[in-house]
Amino acid sequence: MNNGKILSVKDLQTYFQTEDGVVKAVDGISFELEKGETLGIVGESGSGKSVTNLSVMRLIPEPPGKIVNGDIIFDGIDVCKLPLDEIRKIRGKRIAMIFQDPMTSLNPFLKISTQLMEVTQLHLGHSKKQAYEHAIKMLKMVGIPDAESRVSDYPHEFSGGMRQRVMIAMALSCDPELLIADEPTTALDVTIQAQILELIKDLRARLGTSVILITHDLGVVAGMTDKIVVMYAGKVFEQAPTRELFSTPANPYTRGLLKSVPDPAHEEGTELYQIPGLPPDVAHLPPGCPFAERCYRAEDICRSEFPPFVQINENHHSLCHFAREVYEDSKVNPPTTAAKRNRTEGGGEPQ
Amino acid sequence: MLKDLSCPKCGAPVTLESERQRIVICSFCGATSSVDLRNEAEPELKLERTTPVAGTSLWADAWKRLLKNKLAVAGMVVLAVMVVLVIVGPMIVYQLTGLTAASQPSDGSLLKSFPPSLKHLMGTDELGRDLLARVLQGGRISLAVGFISTVVSLLVGVSYGAIAGYLGGKVDNVMMRIVDIIYAIPYILVVIVLLSVFGGPNTKVLIAALPPILIGLIVGVIGVLVAVSFYRRLFGEAKALSMVDSVKRFGFGLLESVIVIALVVIAGFVIAGTGLGETIAEKYGDVVSLGLNQILLLFFSLGLVSWLTMARVVRGQVLSLKNQDFIMAAKATGVSTFGIIFRHLVPNTLGPVIVYATLTVPSVMLAEAFLSYLGLGVQAPYASWGSLAADGVKNIAIFPWQLIFPGVTMAITLFSLNFLGDGLRDALDPQTRKF
């Protein structure tokens with residue numbers, strides 16, 4: 001069961017009971033993560049990225065949410081079947097999480113030290129003194145200057161980027177095997193973004209932690225991840241190694257996403273590309289492909305029949321009636337100008 | 001004369017807004033420097049020695065704001081003086097004059113109410129007792145009622161409201177309906193019923209019944225906890241899968257309940273059999289029935305109602321806090337439900353809680369005065385401000401000081417408490433402050 005895989009999610013379905021009916025926030029997604037690997041989960045808002053990872057932590061608010069079906073195997077343990085007490089021993093110790101907004105994810109009433117110490121006292125059985133020293137060590141590790149005096153500050157005395165560093169320090173306190181970063185850079189400005197990503201990258205290399213990076217920014221995942229899962233309307237639309245996904249996507253949605261990334265070499269006067277329309281209401285999905293209404297090459301079959309999950313090669317899957325055609329098309333006609341440029345220069349880092 | 005100056009620390013150019021400006025803050029490095037005008041033609045900038053700004057916690061910040069509010073500070077001072085007076089006052093009066101709250105003159109003169117004089121600073125009441133001693137003595141009970149009820153409302157109300165708010169759903173619903181029910185019972189009725197059932201000669205019965213009831217309760221709570229952990233160990237938390245399974249579970253639960261109830265009853269009877277309660281009742285019953293029981297029942301009934309609003313206030317706070325990211329983050333680090341409620345949520349509700357607690361004290365004191373005024377609260381020889389005022393009202397036309405002194409003392413205390421409460425609200429929640 002456990003051959004180097006840290007996490008394997010199989011056919012996960014997480015539904016929410018709302019007044020509008022059942023919202024299938026996550027509907028049958030599967031992916032696997034090897035030890036030490038980084039997985040990117042990409043998708044628009046509301047595509048089920050966050051719910052997937054809250055499901056892994058068993059943090060779905062119940063009710064209205066519920067994991068209806070599926071297996072989440074973390075290091076040989078079926079997370080879905082564990083009692084709550086056992087889950088708590090995993091949370092924070094073996095799987096840690098970084099949240100989107102560092103401004104609200106630290107308790108404003110408690111000192112940084114209290115919050116950092118709580119984790120290690122809870123999971124590693126540290127004494128107060130040990131925990132305090134560990135907290136300072138962690139703050140130093142994430143690059144907070146003057147950690148000895150900053151440790152007893154309150155969250156409001158830190159800037160956004162510094163708070164995100166504190167969150168990372170907190171998440172890595174117990175040396176977790178899996179780090180879930182839920183849009184860790186969305187609320188930060190670009191320069192801080194780069195610093196935080198660099199930090200996560202560096203710590204991953206040093207500690208050998210597996211990382212799941214959730215984001216809607218393709219630029220973020222490009223340089224960070226080994227493979228990418230593209231989600232849309234609660235489903236995996238495409239799954240491929242990062243390089244392959246960027247150079248030869250086999251799904252019209254992925255192509256659209258890649259085309260929407262603004263290119264610095266963009267010609268003045270021409271319009272930026274955007275995928276037309278809005279994501280569908282997941283409570284009332286049409287019978288066919290949920291992307292059909294917005295797709296540039298949709299045909300009648302897309303609106304009537306749900307697309308198959310086509311395997312392009314060993315690691316590359318795509319949910320589309322015309323996956324192979326799109327794949328072949330991408331080979332000839334790369335979606336991004338950057339990829340085009342790389343193609344003419346004979347390969348290179350597709351960014 | 002506004003010539004180009006540069007920051008003495010980093011060298012960046014700084015400009016003076018006007019000729020009279022003496023202090024400049026460099027927009028580049030933030031260093032503060034003063035303008036040195038000894039040489040008029042060539043003004044120089046001198047670096048001010050600055051200390052780094054120490055971080056302030058919310059409490060220090062609030063304290064600073066509170067100190068700026070003159071009324072609140074005055075209230076705080078008056079209150080502190082009042083508390084000290086009430087605690088040491090009766091002893092001082094006894095040392096100076098030899099009078100206590102209960103000492104009556106032994107001469108047989110008919111008129112015993114004397115106006116304020118040097119011997120009796122506040123005059124005497126209709127039985128000739130020194131009013132100053134009685135007001136100070138009464139202050140002890142009045143303030144104690146206020147503070148004890150507030151402590152009850154803090155302990156019970158805050159945890160009750162936080163638990164209901166955080167757990168939510170059915171638990172919240174049941175807990176808050178209980179609050180609604182207690183709310184609906186008029187507390188005057190509760191006091192009257194309690195006094196007529198347990199007051200007077202029945203007090204001994206009540207005291208004798210207390211130990212078995214208390215022990216029974218403790219056994220019951222422990223029993224339920226043990227039973228739940230046994231149930232969990234046997235069946236886990238997963239849902240029952242088959243009919244047989246659910247019947248088995250129901251049977252086991254029923255068996256456990258019967259065992260726990262039996263244990264409670266047995267424990268109660270065993271303690272009752274030892275006669276512990278009766279011994280205590282024999283020993284202290286007489287003292288208590290002297291009138292102290294009235295005070296205890298007053299504490300009890302006011303404590304019973306005082307935590308209700310606090311529970312609602314805290315529940316409302318928790319409801320809005322529990323969906324915030326930092327609670328999710330705490331959950332994601334594996335903090336237990338207990339830890340989340342009491343380490344993460346309760347401190348965040350403290351602002352409104354403190355404000356509400358300061359405003360609870362005067363309202364409870366007023367309720368006590370009201371009950372005593374009706375003759376339901378504190379009984380002679382004990383006194384409270386309420387009962388003193390009630391005595392004074394009878395003679396208001398001829399001996400006005402008997403109403404004025406207790407009344408004014410109480411009014412001053414209530415004023416101070418209300419000013420302090422308002423000041424705390426402004427200090428802890430600066431957004432609601434009117435400018």
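Welcome to chain A of this predicted model. Start with its contacts: among those between residues at least 6 apart in sequence, 64% join residues at least 24 apart.

**Stop 1: the whole of chain A**

Select chain A and show it as a cartoon. You should be able to pick out 13 helices and twelve strands. The radius of gyration of chain A is 21 Å, close to the 20 Å that the globule rule gives for 351 residues, so the chain is as compact as a globular protein of that length. If you turn the C-alpha trace of chain A along its principal axes, the spans are about 65 × 45 × 40 Å. Of the 351 residues in this chain, 48% count as buried.

**Stop 2: helix 4**

Now select residues 128–141 of chain A, which make up helix 4. At 1.5 Å a residue, these 14 residues should span 20 Å, and the end C-alpha atoms are indeed 20 Å apart, which agrees.

Next, show the side chains of A:Ala131, A:His134, A:Ala135, A:Met138 and A:Leu139, which are buried. They cover an arc of only 140 degrees around the axis, which puts them on the same side of helix 4 of chain A. What do the buried residues of helix 4 of chain A pack against? Add helix 3 (112–123), helix 5 (147–150) and helix 6 (160–172) of chain A to the view, and you have their partners. Before moving on, click on A:Gly143, which follows helix 4 of chain A and has a positive phi, near 80 degrees.

**Stop 3: strands 6 and 7**

Select residues 95–98 of chain A, which form strand 6. Here A:Ile95 and A:Met97 point one way, while A:Ala96 and A:Ile98 point the other way, and all are buried. In a regular strand, side chains alternate between the two faces of the sheet.

Add strand 7 (residues 178–182) of chain A: it runs parallel to strand 6 of chain A, and four bridges join the two. Opposite A:Ile95 you will find A:Leu178 of strand 7 of chain A.

**Stop 4: the nonpolar cores**

The largest nonpolar core has 102 residues, and the members that touch the most others are A:Ala169, A:Ala171, A:Ala181 and A:Ile212. Its largest share, eight residues, comes from helix 6 of chain A.

Zoom in on A:Ala171. Leaving aside residues up to four places away in sequence, A:Ala171 touches A:Ala96, A:Met97, A:Ile98, A:Pro176 and A:Leu179.

Finally, switch to a second, separate core of 69 residues, which includes B:Val86, B:Val93, B:Val191 and B:Leu428.

Methods:
Residues are numbered from 1 along each chain as its sequence is written. Chains are lettered from A and ligands numbered from 1 in the order in which they are written. This is a predicted model: local features need pLDDT of at least 70, side-chain atom pairs count only at pLDDT 80 or more; totals for chains, interfaces and linings use all residues. The expected span of a helix is 1.5 Å times one less than its number of residues. A residue is buried if 20 or more other C-beta atoms lie within 10 Å of its own, exposed if 12 or fewer, and partly exposed in between; C-beta atoms are placed from the backbone. The arc is that of the directions from the helix axis to the C-beta atoms. Two residues are in contact if their C-beta atoms, placed from the backbone, lie within 7 Å. A nonpolar core is a set of buried Ala, Val, Leu, Ile, Met, Phe, Trp, Tyr and Cys residues joined through C-beta atoms within 7 Å. Two strands pair if DSSP finds at least two bridges between them. The radius of gyration is taken over C-alpha atoms; the globule rule is 2.2 Å times the number of residues to the power 0.38.
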